[in-house]
Amino acid sequence: MEWPACLDEYEKLVIRMNTPRVVIDNAVCSSATLVKVDSARKHGILLEAVQVLTDLDLSIKKAYISSDGRWFMDVFHVTDQNGNKLTDESVISYIEQSLGSIHYVRSTGFNGVTALELTGTDRLGLMSEVFAVLADLQCNVVEAKVWTHNGRIASLIYVKDCDSGSPIEDSQKIDRIEGRLRSVLKGDNDIRSAKTSVSMTVTHTERRLHQMMFADRDYERKPIIRTNSDSPAVTVQNWIERGYSVVNVQCKDRRKLLFDVVSNLTDMQYVVFHATINTAGNQAYLEFYVRHTDGTPISLEAERQRVIQCLQAAIERRASEGVRLELCMADRQGLLADVTRTFRENGLNVTRAEISTAEDSAHNMFYVTDAIGNAADPKIIEAVRQRIGMGNLKVKELPRIYHEKGEEEEPALGVGGAVLFSLGSLVRKNLYNLGLIRSYS
């Protein structure tokens with residue numbers, strides 16, 4: 001390893017002592033690859049490790065987390081998108097290098113863009129208006145993600161100047177962008193809470209979206225009731241003898257579930273000392289032993305309820321309902337404005353979106369419902385496809401987890417069962433047998 005010239009010997013020693021040890025093993029488990037990380041403990045270290053794995057679209061089937069004094073140990077059972085063990089040496093090498101450097105700042109993957117952050121009240125056609133403003137102001141959308149939850153919307157959009165292909169640095173143009181987007185977000189009924197900001201700093205998009213919706217207090221908004229929604233079961237109890245608060249989550253399994261939960265625990269200033277994550281069929285069971293950053297457990301009933309609300313919101317934000325439409329075609333100026341205007345004119349509301357461009361090609365994903373959040377009429381979907389191009393806009397089924405009825409393997413525990421699971425002996429005994437805690441009695 002080559003050291004920067006500015007580091008003295010003491011600083012080099014500190015780096016060596018704190019550099020995580022990473023072991024990736026395909027021999028221990030027949031159905032998953034084990035990824036083990038030993039690291040000096042610091043606030044947010046678990047989230048950084050999980051973020052490395054989820055950014056590769058890996059599924060975390062099981063996990064055991066424990067800290068002892070100043071040291072932290074994570075063990076993840078992971079598979080690829082097809083449910084197979086990891087065999088690609090380049091992927092394994094990337095994981096080793098990334099997890100080995102989680103104490104230090106890493107590149108976000110792309111630079112040379114301007115970041116736009118937007119929050120406000122969701123309504124039919126809002127993103128159509130946003131993209132129309134950006135097209136009119138000669139802004140080329142490079143990447144974007146849109147989340148909606150409980151009637152609120154958060155979006156992080158990365159843009160370049162259409163003419164120069166460079167980040168937008170002109171202060172007058174930035175002021176115009178902020179002013180017009182704020183007017184769009186305010187509409188007729190969001191005078192106080194609509195927010196826009198422009199930054200040259202590129203952040204981790206999904207982490208930032210969680211932070212934006214958390215700051216917007218979407219978890220306190222009146223939930224939108226849908227007949228086919230499955231609310232996650234969250235319980236919080238105190239293990240008084242050990243000074244922990246025990247947080248249990250039971251919900252449908254999906255990729256990035258652990259990232260979403262840990263991200264919000266971290267942002268709420270809780271430290272995870274021990275945890276176990278297990279999946280059975282299409283269900284996920286997550287248990288966390290947490291304290292505040294000052295070392296105290298949750299003490300007030302109001303705080304307990306807030307944790308429950310926030311974690312439910314964190315899980316639901318990504319689980320947008322609707323028909324998934326994928327747009328693949330040559331990119332051009334104003335494409336997003338035209339496509340989303342077609343959605344709006346046909347009464348389709350965008351509940352979630354992922355926008356990306358590469359080498360003059362657009363690859364965009366939209367979840368759409370009707371104007372009030374119900375399933376879109378298939379005839380309307382076909383009419384929209386005909387207008388945009390049947391070969392350009394394709395209907396994709398929702399992720400498998402939203403269709404299954406839970407017929408596989410183990411039965412659901414329910415809220416009461418989750419409480420018993422929390423304070424019973426099974427999980428604590430597993431942690432004890434693995435050497436992650438000293439006693440389960």
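Are Y244 and F273 buried or exposed? In this predicted model, Y244 is buried, and F273 is buried as well.

## An aromatic cluster

The structure holds six aromatic pairs. In one of them, the rings of Y244 and F273 have centres 5.9 Å apart and planes at 55 degrees, so this pair is described as tilted. The pair links distant parts of the chain, since Y244 belongs to strand β10 (residues 244-252) while F273 belongs to strand β11 (residues 270-280), and the two residues are 29 residues apart. Y244 also pairs with Y289, with ring centres 5.9 Å apart, but here the planes meet at 80 degrees, so the pair counts as edge-to-face. This second pair again links distant parts of the chain, from Y244 in strand β10 to Y289 in strand β12 (residues 283-292), 45 residues apart.

Y244 has a relative accessible area of 11%, and because buried means under 20% relative accessible area, this residue counts as buried. Y289, at 1% relative accessibility, is buried too. Together with W239, the residues Y244, F273 and Y289 form one aromatic cluster. A charged residue joins the picture here: the charged end of R291 sits over the ring of Y244, 4.1 Å from the ring centre, and R291 also lies over the face of F273, at 4.9 Å from the centre of that ring.

## Strand β4 and its partners

Strand β4 (residues 71-79) has eight of its nine residues buried, so this strand is largely enclosed by the rest of the structure. Strand β2 (residues 33-40) pairs with β4 in the antiparallel sense over eight bridges, and within this pairing A40 stands opposite W71 in β4.

Strand β3 (residues 59-68) also runs antiparallel to β4, and nine bridges join these two strands; one example is A63, whose bridge partner in β4 is F76. β3 and β4 form a hairpin with two residues between them, and in the turn G69 has a positive phi of about 65 degrees.

## An enclosed helix

Helix α2 (residues 45-54) can be read in a similar way, for nine of its ten residues are buried, so the helix is largely enclosed by the rest of the structure. The buried residues of α2 include I45, L46, L47, A49 and V50, and Q51 and T54 are also among them.

## Spaces inside the model

Rolling a probe the size of a water molecule over the atoms shows where empty space is left. How many cavities of 30 Å³ or more does the count give? The count comes to three cavities, and the largest cavity holds about 150 Å³ of space. The largest cavity is lined by 17 residues, of which V141, R332, G334, L335 and L336 lie nearest its centre. Among the elements that each supply at least two residues of this lining are α4 (126-136), β6 (139-149) and α9 (335-345), and β14 (349-358) and β15 (361-369) do so as well. By class, the lining of the largest cavity has ten nonpolar, five polar and two charged residues.

The second largest cavity holds about 100 Å³ of space, and 14 residues line this cavity, with G44, I45, L46, V271 and V272 lying nearest its centre. Helix α2 appears again here, for α2, α7 (257-267) and β11 each supply at least two residues of the lining of the second largest cavity. This lining has nine nonpolar, three polar and two charged residues.

Terms used:
Residues numbered from 1 in each chain as written. Predicted model: local features only at pLDDT ≥ 70, side-chain atom pairs only at ≥ 80, totals over all residues. Heavy atoms only, no water. Phe/Tyr/Trp six-rings, centres within 6.5 Å; stacked < 30°, edge-to-face > 60°. Helix = DSSP H or I, 4+ residues; strand = E, 2+ residues; numbered from the N terminus. Buried < 20%, exposed > 50% of the residue type's maximum accessible area, 1.4 Å probe, protein only. Lys NZ or Arg CZ within 6 Å of the ring centre and 35° of its normal. Pairing = 2+ DSSP bridges. 1 Å grid on protein atoms, 1.4 Å probe; cavity = no way out; pocket = protein on both sides within 12 Å on 5 of 7 lines; lining within 4 Å. Points joined across faces, edges and corners; volume = space filled by probe spheres on them. Nonpolar A, V, L, I, M, F, W, Y, C, P; charged D, E, K, R; others polar.
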